Amino acid sequence: PSLSANQLELRLNCQYELSMISYLFKPAWEHKDPERRIAAITAFSEGNADQQQILEAMAQSDLESKVRDAAISRLCGLRVLEKIRLSENGETAQARLLQLVSSKEESHQKSVVEFTADAELQTLILVLQHCPSSDARAAALALVQDQDQLASIAADSEFADTREMAAASVE
């Protein structure tokens, strides 16, 4: 069924008005004021995948360093945090990685166990020294080959089982 000229014009006007409304009322995380973006970030949920994607984008590309830091502090993606650790916001990313790795929350520990297989050595050391999950620590330890690192883990890990496993791996 074809639309009459009036119906087509009405439909186009509605679409135009909707696009203008969406332009005028952007989400708070897109606001030009950095403080408004930060306030929006604090309301984001760890369990919301869409919000985590927004946080990831903001953590990597927002123009304001304090907004990037706020986004990083809410991120749960360990791989993304590991990558950001090499940027100018690296200290914030390292602190968030440590927070997630040392968390006793089951969802965080599950993420750490899954992530360990592809983690960088620096992150593996973090897991071995601070992660409460013995499964994650065992998986991380199996990936460390450097004898000096193993000796350091044997001396420094806060977990006796990890110190023992690392000491047994030192040749």
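**A walk through the helices**

Helix α2 spans residues 34–42 and helix α4 spans residues 65–72; their axes come within 9 Å and cross at roughly 0°. That crossing angle makes α2 roughly parallel to α4, because angles under 35 degrees count as roughly parallel. This is a predicted model, and everything below is read from it. Two packed helices are described by the angle between their axes and the distance between the axes.

Which residues make the contact between α2 and α4? From α2 come P34, E35, R37, I38 and I41. From α4 come K66, V67, A70 and A71. Sorted by class, this contact of α2 with α4 has six nonpolar residues and three charged ones. Polar residues are absent from the contact.

Stay with α4. Its buried residues are V67, R68, A70, A71 and I72. V67, A70 and A71 of α4 also take part in the contact with α2. What do the buried residues of α4 pack against? One partner is α2. The others are α3 (49–61), α5 (78–84) and α6 (90–102).

Helix α3 holds Q53. Is Q53 buried or exposed? Q53 has 55% relative accessibility, so Q53 counts as exposed. Between Q53 and K66, the C-alpha atoms are separated by 18 Å, and the two residues lie 13 residues apart along the chain. K66 is one of the α4 residues in the contact with α2.

Now move along the chain to helix α8. L126 sits in this helix. At 8% relative accessibility, L126 is buried, because the cut-off for buried is under 20%. What does L126 touch, leaving aside residues up to four places away in sequence? The list is Q94, L97, L98, V101 and C131. Q94 is 32 residues from L126 along the chain, yet their C-alpha atoms are separated by 9.6 Å.

C131, one of the residues touched by L126, leads to the cysteines. How many disulfides are there? The count comes to zero. C76 is in no disulfide, and the nearest cysteine sulfur to C76, that of C131, is 15 Å away. A disulfide needs two cysteine sulfur atoms within 2.5 Å, so a 15 Å separation rules out a C76–C131 pair. C76 is buried, with a relative accessible area of 18%. C131 is buried too, at 0% relative accessibility.

P132 lies in the loop between α8 and α9. P132 counts as partly exposed, at 30% relative accessibility. Again leaving aside residues up to four places away in sequence, P132 touches V101, S102, S103, K104, Q109, R137 and F159. V101 is also touched by L126. In the other direction along the chain, A40 is 92 residues from P132 in sequence. In space, P132 and A40 are 31 Å apart, C-alpha to C-alpha.

Helix α9 comes next, covering residues 134–143. Its buried residues are A136, R137, A140 and L141. They cover an arc of only 130° around the axis, which puts them on the same side of α9. The general spacing of a helix helps here. An α-helix has 3.6 residues a turn, so residues three or four places apart point the same way. Which exposed residues sit on the face of α9 turned away from its buried side? They are D135 and A142. On the buried side, R137 is also among the residues that P132 touches.

The buried residues of α9 have four helix partners: α7 (106–116), α8 (121–130), α10 (147–156) and α11 (160–169). One of these, α7, holds S107. S107 is partly exposed, with a relative accessible area of 45%. S107 and V170 are 63 residues apart in sequence, and their C-alpha atoms are 32 Å apart in space.

Key: Residues are numbered from 1 along each chain as its sequence is written. This is a predicted model: local features need pLDDT of at least 70, side-chain atom pairs count only at pLDDT 80 or more; totals for chains, interfaces and linings use all residues. Side-chain values use heavy atoms; hydrogens and water are left out. Axes are lines fitted to C-alpha atoms, for helices over the stretch in contact, and angles run from 0 to 180 degrees between N-to-C directions. Helices (H or I, at least four residues) and strands (E, at least two) are DSSP runs, numbered from the N terminus. Angles under 35 degrees count as roughly parallel, over 145 as roughly antiparallel, 65 to 115 as roughly perpendicular and the rest as oblique. Contact means heavy atoms within 4.5 Å. Ala, Val, Leu, Ile, Met, Phe, Trp, Tyr, Cys and Pro count as nonpolar, Asp, Glu, Lys and Arg as charged, and the others, Gly among them, as polar. Buried means under 20% relative accessible area, exposed over 50%, partly exposed in between (1.4 Å probe, protein chains only). The arc is that of the directions from the helix axis to the C-beta atoms.
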